[in-house]
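Open the structure in your viewer and keep a selection tool to hand. The stops below can be followed in order.

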Amino acid sequence: MSYLRLDNLQCTYDRTVAVRNLNLDVAQGELLALLGPSGCGKSTTLRMVAGFVKPSAGRILFGERDVTHTPPHARDTGMVFQGYALFMHMSVAENVAFGLQMRKVPRSEQAARVKEALRLVQLEHLAERRPAALSGGQQQRVALARALVVQPTVFLLDEPMSNLDARLRMEVRLEIRALQQRLGLTTLLVTHDQEEALTTADRLAVMDHGRVRQIGTPQQVYEQPVDQFVANFIGRCNLVAGRLDGPGVFRAGAHTLPCAPLAATRSPVTEMALMVRPDRIRIAGAGAPGLPARVKLSTYLGGTTEWHCETDLGPITVAQPSTLAHDTALRGLAAGERVSLQWSPEHALALPADAAA
Ligand code: ADP
Ligand code: MG
């Protein structure tokens, strides 16, 4: 059942339309990631839900409650920002208690709730420290505790991991997800990091220029992107320009390429691109069926190895597990060598540039 609902939400700053006609439903206990390039309206959306920015049109609902005009402190949201915005002159416990004071929670109740919030993020033992005496990861957890202490019904996270180094980010990401699931928090997570969105979210909404291009589970968005923008933004892909000439018939230059018949049911657009993920392409010897190519460069990335190839339809990247590269025809495949690129029709989608255009 949906708990958080954004209904035709719009936000205009001066002349910029930051968010346009946004419709989103987030189920009770669900984590939905808002993903998109810088400036696409993610933070504005979050700030409208928190009540810091007034929508120019549309409604925000928490359950049955219309909170569009409710002030921030009366909304029961807990928010974590990119910069943690901790008060440096206060102790950890005082930082966490701040939201309770703002909400006029009785003093007698405050201590127990602060203690509980610090326990959730495993910082009880540092309650009396100042933030300056904590590591980045610990400061981030104080910010989390400060958001959790108000017992939010909607949890809002705006790029909460972006100040952390890669290793710590992974750790904090898993912690946030575990906590969110354990507490059953209805959550909006803003990120521009596709890996973070794919690994953390129940569903994700890919945004661009103030609108949602696609909403779906990580699998849906990765496997069935609606257009080239989404395909490019989520994971890596090869795009070959051409046109759809009937179900499963994609023509590019002098080639007819294998393509999922499913794609033909989309609205007919002449200018399309065939999208194939690098990990769905096999390299066969020259002369085998497939798209003729020449290897330009191979790069070893540990778990996977990539081959950057040239074809008369443009560059195409192939990625395979490095174990395959050790024991098949791929072994010792050198730059300059001629090969054939193969993929199954179901792994190639004909996509328009913009599904909504
Ligand atoms: P994101 O979080 O996705 O990077 P934002 O929501 O911060 O994007 O911004 C969306 C658009 O609104 C951008 O074009 C940005 O420049 C503009 N914008 C954001 N905040 C303001 C503001 N306070 N005044 C004017 N324009 C703003
Ligand atoms: Mg932002």
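The tour starts with the whole chain and then moves through selected elements and residues.

**Whole chain**

Select everything first, and bear in mind that this is a predicted model. The chain has 357 residues, of which 50% count as buried. Along the principal axes, its C-alpha atoms fill a box of roughly 80 × 45 × 35 Å. A cartoon view should show 9 helices and 20 strands. Among contacts with a separation of 6 or more, 66% are between residues 24 or more positions apart.

**Two domains**

Colour residues 2-223 as domain 1 and residues 228-351 as domain 2, following the domain assignment of the chain. Their centres, taken over C-alpha atoms, are separated by 39 Å. The contact between them takes 15 residues from domain 1 and 9 residues from domain 2.

**The largest nonpolar core**

Which residues touch the most other members of the largest nonpolar core? Select Val 96, Leu 118, Phe 155, Leu 204 and Ile 234, which do so in a core of 48 residues. Helix α4 (residues 136-148) supplies the largest share of this core, with 6 residues. Both domain 1 (2-223) and domain 2 (228-351) give residues to the core, so it lies between them.

Apart from this core lies another, of 27 residues. To find this second core, select some of its members, including Tyr 3, Leu 24, Ile 60 and Val 154.

**Around Ile 234**

Return to Ile 234 and show what surrounds this residue. Leaving aside neighbours within four places in sequence, Ile 234 is in contact with Leu 35, Gln 194, Leu 198, Leu 204, Val 206, Val 221, Tyr 222 and Arg 277. Two residues of that list, Tyr 222 and Arg 277, are worth showing as sticks. The charged end of Arg 277 sits over the ring of Tyr 222, 4.0 Å from the ring centre.

**Aromatic pair in α8**

The structure holds 3 aromatic pairs. One of them is formed by Phe 229 and Phe 233, whose rings are stacked at 5.9 Å centre to centre with 15 degrees between the planes. Why are these two residues separated by about one helical turn? Phe 229 and Phe 233 are 4 residues apart in helix α8 (residues 228-233), and therefore about one helical turn lies between them. Are Phe 229 and Phe 233 buried or exposed? Both are buried.

**Strands β6 and β7**

Select strand β6 (residues 77-80) and display its side chains. Thr 77 and Met 79 point one way, Gly 78 and Val 80 point the other way, and all are buried. In a regular strand, side chains alternate between the two faces of the sheet. Now add strand β7 (residues 154-158), which runs parallel to β6 and is joined to β6 by 4 bridges. Thr 77 has Val 154 as its bridge partner in β7. Val 154 was met above as one of the members of the core of 27 residues.

**Helix α1**

Move to helix α1 (residues 42-50), which is mostly covered, with 7 of its 9 residues buried. The buried residues are Lys 42, Thr 44, Thr 45, Leu 46, Met 48, Val 49 and Ala 50. Just after α1, Gly 51 has a positive phi of about 100 degrees.

**Helix α2 and what it packs against**

Select helix α2 (residues 92-102), where Val 92, Ala 93, Asn 95, Val 96, Ala 97, Gly 99 and Leu 100 are buried. Show α3 and α4 as well, since the buried residues of α2 pack against these helices. Just after α2 comes Lys 104, with a positive phi of about 55 degrees.

**From α3 to β7**

Arg 107 is part of helix α3 (residues 107-120). At 66% relative accessibility, Arg 107 counts as exposed. For a distance across the model, pick Arg 107 and Arg 15: their C-alpha atoms are 45 Å apart in space, and the residues are 92 apart in sequence.

The loop between α3 and α4 holds Gln 122. Its phi is near 55 degrees, a positive value in a residue other than glycine. Gln 122 counts as exposed, at 54% relative accessibility.

The last stop is Gln 151, in the loop between α4 and β7. Phi of Gln 151 is near 50 degrees, again a positive value in a residue other than glycine. With a relative accessible area of 53%, Gln 151 is exposed.

Definitions and conventions. Residues are numbered from 1 along each chain as its sequence is written. Chains are lettered from A and ligands numbered from 1 in the order in which they are written. This is a predicted model: local features need pLDDT of at least 70, side-chain atom pairs count only at pLDDT 80 or more; totals for chains, interfaces and linings use all residues. Side-chain values use heavy atoms; hydrogens and water are left out. Rings of Phe, Tyr and Trp (its six-membered ring) pair if their centres lie within 6.5 Å; planes under 30 degrees apart count as stacked, over 60 as edge-to-face and the rest as tilted. Buried means under 20% relative accessible area, exposed over 50%, partly exposed in between (1.4 Å probe, protein chains only). A charge sits over a ring if NZ of Lys or CZ of Arg is within 6 Å of the ring centre and within 35 degrees of the ring normal. Two strands pair if DSSP finds at least two bridges between them. A nonpolar core is a set of buried Ala, Val, Leu, Ile, Met, Phe, Trp, Tyr and Cys residues joined through side-chain atoms within 4.5 Å. Domain bounds come from an automatic or database domain assignment. Contact means heavy atoms within 4.5 Å.
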